[in-house]
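Visitor: I should be grateful for a close look at a single part of this structure. Please choose one element, explain how it is placed, and then relate it to other places that deserve attention.

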Amino acid sequence: MDNDGTHGVWGTRGAQPPDGAPARPGHSVPHPAGPPPAAPPAYPPTVPPPTRPPSVPAPQEAPPAHSPAPGAATPTADWFNAPRPEAGPGVWRYGHVPRPAEREARPSLVGPIATLILWLLLWLLLTERAVPYVFRPIEIITGPEWWSLGGLREDAPALVVNSTTVYYQVLILGLGFWAARIGGWAGVFRYFAGPNLARARLVLTLGGALLTLWLIWTRRVPLADLVLPAVPTSLMQGGGNKFAALLVMLVLYALIGTAVVWPFARTGHWSTELGPFLRREPTPQAPSATPSPADGPLRAHWPDLRAAGHADAAEALTAAVYTGRMNDVDCVRLRHAWAGARTRPDRLASFTETVLRNGADAFLHPSGFRDVPLRTATHDPLTGQVRIGDCADDPRNPYPRRGTGLALEPASLGTSLLAVGPPGSGKTGRVIRPVVEALALRALTGQAAVLAVGGGSGALGPDDAYDVVVRIGDPASVHDFDLYGGTTDPDEAAAALAEGLAGDIPTLDTRRAATALGQLLGPYRVVHGRFPSVPELRELLEGSAAALGALRQALETGGHQAMLRELEARARQAGSAADPAAVLADRLAALDRPAFAGFFATGEDARPFSLRSLGQHPLRVRIDLPERVHTEASRILARLVLAQFNAVTAARADRSLFVCLVLDDATHTVTAETVRGIRRLRSVNAGAVLALRTLDDVPEGLHTALLGAFGCTMAFPGLTTWDGKRFAEAWGKEWVEVREVAQHGVFADQPLTRALHALRKMATGKAVTTDAVTVRQVERERWSASGLAYELPPGHAVLSLTTVAGEHMSPLLVRLSG
């Protein structure tokens, strides 16, 4: 889009670009299929804006005085400033918040309650001194003379009484720890504390420390009465100084308190939890479900332009965003224009001038459109994503992905997408059309070109959503289709045409077919300066004596000896058993019908559209095939489009545009050569999206190669088990943990045990058994063939993604939108 940002459309045949704009080599941009809109699209954009918090980070420079404050932001500004954190393949990044860690299953309360009751019972028994020999150790330590009949004598000294009390309390505390350990009290506490475990642990340990200190201070726990007598009397008296004695007493109590509090502080991690508060550091906030603006300068203030010294252009764009004169496509288009200008210092001044002159209308798409007429899905043009659904809350999906949005983007479409499902399963409405819309929006920002091929039923969007609409077989069609792909090389044209005409015939070598076509196309072009039309090529393939004689005479007259040898070689091969000319002529007869009389012309008055334009301009193109009336011709043309697309994308020199082919029905379209071409698309910044009703629409020998060539595969409900088996093999296996429980009968040897078992069997009706649990790792298919065939609910699909960078997303069950 080097048209200096003005609203202009270059012509289709020899029209000149606007003044001052450099001419582009090759094909010019075709006219849009519909008139440009009279006004910008309505606001806000389709993506729902996030709630903006009152406090936002300040930009690098303050916004201009004439622009609204950030608090008065428009929906477009809120959408533009929303965070889009980095995430895995297929994750909808707009306002994405990672799912909290999976919570453990609720523990049983039987064990903790039973151990608590047992602890209280032991406490009661110890209080009543009903457990023999428990107090024997403290009796030996304090001396047996102070004990009589299992208890302390009334005249026992205070030290003996305090020692016995502390011994009793320590014994009760030890039994409590034992009961908590075997009863799993800590697990119950962690479960009910949930995400607030650290805070709950802090509160619990603080409360325990305060309670313990209170018990020691009130002498209900006579710990101080045991420690103080052990201190020398001279030190306690402080040498007769009352203040020194008080100081010694305070130090002793401080040491006792520290010794008591330290276990609580260590258990509660006080240094970690209270450290930031004591140092007055801000406490880190937990992730919120409401998206907030990204840290740093707001995108709507165009900080990159300000940092580069173009504050005037940044102020103009900021004002346009905050006053509602820009939509989401405008923001992304101008960001892309700036990204291209900053790499070319000679374009910086032109960029600033264009922005100041045209504002939100700068660097418009050549069609003049700023949005598609209708959005049927949720799009985020900033990342190029389109949301096609959500990951189902299903055990077969990884826990972190359950409930998260799932999106397709150029990074995954660059590895190509294959969608397989019967009619009515939602391929077109829920996947194909949203992808086409996303690519069309991407084209309006100058970053992509899209070619959609369908049956002309309107399922791929209205005509106004495209720059070029080719309706093959419709006399009212503005554009024709170029059978030769815009090339001037006879061999290249023959190779693509051979794939289209005979690529699906397993007994015919397409290389021999391409050679036969090249032997006719080359001489004809040398003589006439163009390739033959469909009737002319059919006559040559059928071996018409008049057509071949006239061509031979013209070559002899012009002295084209090399081409004359080509034609003579064709004449020698004609009629042989291995000659493909007859088959090619029969296939070409499907295109030589009265309905196509005005199409596939190659003369001076021809108006063909060439796929070669896709590699040069951000075009939105749709080709409508006559599938209902001319099925065979539609399949030939679909194969030809796919072959030409592979050739065009591989041959283009400038690969900055992402080019994508979307084929709504690829039945009998895929050949061995096109599969090899699809494998090469990811390396040339291109991709293909193909939809099939079943894998049986592809030759059986290509099933494995087809699934291996596509980095993204999608299975819809209604698949057969044969198709499901192919997908299961392509998606591979994973290690899972299997828990097996086997029940074994219990045979008793003792009469009493046998009697108890017999009584239990009479009461329950079941024999006494014991469970043997085995846990092992086994390798199983991610999705089985029967699971894909019978367990997919309507409106769902299983999707596996791979990005151009090599990131993988295992097959996920997706609840499709729409």
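Guide: In this predicted model, let us begin with two strands that run parallel, β12 (residues 658-663) and β13, which are joined by 5 bridges. Between them, the chain leaves β12, passes through helix α24 (residues 672-679) and arrives at β13, and this β-α-β crossover is right-handed. Within the pairing of these two strands, Leu-663 stands opposite Leu-690 of β13.

Strand β13 has another partner as well. Strand β6 (residues 417-420) pairs with β13, again in the parallel sense, over 4 bridges. Here Leu-418 is the residue that stands opposite Leu-690 in β13. Leu-690 is thus faced by Leu-663 of β12 and by Leu-418 of β6.

How many of the residues of strand β13 are buried? The strand covers residues 686-692, and 7 of its 7 residues are buried, so β13 is largely enclosed by the rest of the structure. The directions of its side chains complete this picture. In a regular strand, the side chains alternate between the two faces of the sheet. In β13, Ala-686, Ala-688, Leu-690 and Leu-692 point one way, while Gly-687, Val-689 and Ala-691 point the other way. The residues of both groups are buried.

From a buried strand we may pass to buried residues in a loop. Ser-367 belongs to the loop between α14 (348-358) and β3 (378-380). Its relative accessibility is 3%, and because residues under 20% are classed as buried, Ser-367 counts as buried. The side chain of Ser-367 takes part in polar contacts. One of them, of 2.7 Å, links it to the side chain of His-365. Another, of 3.4 Å, links it to the side chain of Arg-620.

Asp-371 is found in the loop between α14 and β3 too. With a relative accessible area of 13%, Asp-371 is likewise buried. Its side chain and that of Arg-375 are joined by a polar contact of 3.1 Å.

The next topic is empty space. Rolling a probe the size of a water molecule over the atoms shows where such space is left. A search of the whole structure finds 5 cavities of 30 Å³ or more, and the largest cavity has a volume of about 80 Å³. Its lining includes Val-372, Pro-373 and Leu-374, together with Arg-433, Val-436, Glu-437 and Ala-440. Leu-460, Gly-461, Pro-462, Ala-465 and Tyr-466 are also among the lining residues. By character, the lining of this cavity divides into 9 nonpolar residues, 1 polar residue and 2 charged residues.

The largest pocket holds about 1,400 Å³ of space. It is lined by 31 residues, and those nearest its centre are Leu-173, Phe-177, Gly-208, Thr-212 and Phe-264. Which helices each supply at least two residues of this lining? They are α2 (110-127), α4 (158-183), α5 (185-193), α6 (197-217) and α9 (242-268). Helix α4 gives the most, with 9 residues. The lining of the largest pocket comprises 22 nonpolar, 6 polar and 3 charged residues.

Two loops that follow helices of this pocket lining deserve a word about the backbone. Most residues other than glycine have a negative phi, and most peptide bonds are trans. Arg-219, in the loop between α6 and α7, has a positive phi of about 65° although it is not a glycine. Its relative accessible area is 44%, and Arg-219 is therefore partly exposed. His-269, in the loop between α9 and α10 (270-278), likewise has a positive phi, of about 55°, without being a glycine. His-269 is partly exposed as well, with a relative accessible area of 36%.

Finally, helix α7 (residues 223-227) contains Leu-226. This leucine is partly exposed, with a relative accessible area of 23%. The C-alpha atoms of Leu-226 and Val-166 are separated by 8.8 Å, although these residues are 60 residues apart along the chain.

Methods:
Residues are numbered from 1 along each chain as its sequence is written. This is a predicted model: local features need pLDDT of at least 70, side-chain atom pairs count only at pLDDT 80 or more; totals for chains, interfaces and linings use all residues. Side-chain values use heavy atoms; hydrogens and water are left out. Buried means under 20% relative accessible area, exposed over 50%, partly exposed in between (1.4 Å probe, protein chains only). Two strands pair if DSSP finds at least two bridges between them. A crossover is right-handed if, with the strands pointing away from the viewer, the path from the first strand over the helix to the second runs clockwise. A polar contact is a pair of N or O atoms within 3.5 Å; within protein, one must be able to donate a hydrogen and the other to accept it, and residues adjacent in sequence count only if both atoms are side-chain atoms. On a 1 Å grid over the protein atoms alone, a cavity is a set of points where a 1.4 Å probe fits but cannot get out, and a pocket is an open set with protein on both sides within 12 Å along at least five of seven lines; lining residues have an atom within 4 Å of a point. Grid points are joined across faces, edges and corners, and a volume is the space filled by probe spheres set on the points. Ala, Val, Leu, Ile, Met, Phe, Trp, Tyr, Cys and Pro count as nonpolar, Asp, Glu, Lys and Arg as charged, and the others, Gly among them, as polar.
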